[in-house]
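Good morning, and thank you for the time on today's agenda. I would like to introduce a structure that is new to most of this group, and to work outward from one part of it.

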Amino acid sequence: MTILVTGARGRVGAAVVRGLLAQGEKVRAASTDPDSLTALPDEVERTRLDLASPQNLREVLHGIQKIFLYAQPAGAARLTEAAAAAGAGHIVLLSSLAIDTDGAGTSPIAQQHLLVEDVLRASGLGWTFVRPGGFATNALQWAPDVRAGRPLRLAYPETYSEPVHESDVADVAVRALLDEAHRGATLRVTGPQSLPARRQAELVAAAAGREVLVRLISPQEYREQLTAFLPAPLADTLLDYQAARDGRPQKTSDDVQAVLGRPALSFARWAKDNADAFR
Ligand SMILES: NC(=O)c1ccc[n+]([C@@H]2O[C@H](COP(=O)([O-])OP(=O)(O)OC[C@H]3O[C@@H](n4cnc5c(N)ncnc54)[C@H](OP(=O)(O)O)[C@@H]3O)[C@@H](O)[C@H]2O)c1
């Protein structure tokens, strides 16, 4: 069996490739830029993926039984058609827990993922939706300030999230690809604890051996900070999300424990794994 992993340069995609190899599976790693897949072991087949090209999709999907897919609405229907024509039976989608949160109907993040889920539901193929909450890697946006010794400028330092270690997302996706039991399932992946942003900053500080200070700024100033690197609708979604969870711990999901038979990895563990990025 050969499994196609799309977005193989991504953090989750690369970890899914490694997880499948560890299980003895044959992997074809697809990327918009396959020449940059230099970190993958030699045995991995590499291929260029162009979701806009039916010809490219036919070639990429030839001989593929299962697929790990990033949620890109533009090419999703073309991909499922080509996957069905190639005889593939199962797609595991990297979706988002934004679909389950209040305001999903107007959230561009939720809608982007829901569109692709709908395409998969209508495709006649087998599917599993892996819906992670906010990634622990989002804390990497703090890295330049932490390295420079500048305070983190936050509008909602007491806003709660349940940061997810990318290894948990990848491990759950690998099980979803390999175990029939997860066909047709929606797996919700959160970290093991709901933590305020300020506590997450403390854990980063402890792991990196740095002092990390937090400076309170207004929501408007925070919005300006976010729109420097995010489109305005995404910045607004993020701001609304943080405001809604200000001072409000959220429930975590048990799906990582149920699927992997071990607890989800903590944010403290993620901070240790990534401490060098903050030094
Ligand atoms: N961040 C969150 O809090 C969150 C929460 C829930 C769900 N998600 C989902 O997870 C996705 C992000 O996953 P991720 O963390 O694995 O993403 P990532 O590391 O940012 O990579 C995402 C994709 O970007 C492409 N890419 C372009 N240039 C790249 C570069 N220089 N290095 C690495 N990749 C590059 C890759 O696809 P190619 O190799 O094909 O170019 C890669 O798969 C989101 O898009 C969303 O669907 C995120």
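Please look first at helix α4, which lies across strands β5 and β6 and runs at about 170° to β5. I should say at once that this is a predicted model.

Let us now turn to β5 itself. Are the residues of this strand buried or exposed? Strand β5 spans residues 90–94, and 5 of its 5 residues are buried. The side chains alternate in direction: H90, V92 and L94 point one way, I91 and L93 point the other way, and buried residues are found on both sides.

Next, the neighbours of β5. On one side is strand β4, residues 66–70, which runs parallel to β5 and is joined to it by 5 bridges. Within that pairing, K66 is the residue opposite H90. The connection between these two strands passes through helix α3, residues 73–86, and together β4, α3 and β5 form a right-handed β-α-β unit.

The other partner is strand β6, residues 126–132, again parallel to β5 and again joined by 5 bridges. Here L93 of β5 stands opposite F129 of β6. The chain travels from β5 to β6 by way of α4, residues 108–121, in a β-α-β crossover that is right-handed.

We may now widen the view to the whole sheet. In general, strands of a sheet pair through backbone hydrogen bonds, either parallel or antiparallel. In this model, 7 strands form an open sheet with parallel pairing, in the order β3-β2-β1-β4-β5-β6-β9. Why do β3 and β9 each have one side without a neighbour in the sheet? These strands, at 45–48 and 186–189, stand at the edges and have a single partner strand each, so one side of each remains unpaired within the sheet. From one strand to the next, the twist averages 20°.

Finally, I come to the nonpolar core. The largest one holds 73 residues, and L93 of our central example is among those with the most contacts inside it, together with V5, V16, V130, A173 and V204. Helix α6, residues 166–178, supplies the largest share of this core, with 7 residues. The core also draws at least three residues from each of two domains: domain 1, covering 2–132, and domain 2, covering 137–165 + 191–250 + 265–279.

Which residues does V204 touch, leaving aside those up to four places away in sequence? They are A139, W142, V146, V212, A271 and F278.

How values were computed: Residues are numbered from 1 along each chain as its sequence is written. This is a predicted model: local features need pLDDT of at least 70, side-chain atom pairs count only at pLDDT 80 or more; totals for chains, interfaces and linings use all residues. A residue is buried if 20 or more other C-beta atoms lie within 10 Å of its own, exposed if 12 or fewer, and partly exposed in between; C-beta atoms are placed from the backbone. Helices (H or I, at least four residues) and strands (E, at least two) are DSSP runs, numbered from the N terminus. Two strands pair if DSSP finds at least two bridges between them. A crossover is right-handed if, with the strands pointing away from the viewer, the path from the first strand over the helix to the second runs clockwise. A nonpolar core is a set of buried Ala, Val, Leu, Ile, Met, Phe, Trp, Tyr and Cys residues joined through C-beta atoms within 7 Å. Domain bounds come from an automatic or database domain assignment. Two residues are in contact if their C-beta atoms, placed from the backbone, lie within 7 Å. Axes are lines fitted to C-alpha atoms, for helices over the stretch in contact, and angles run from 0 to 180 degrees between N-to-C directions.
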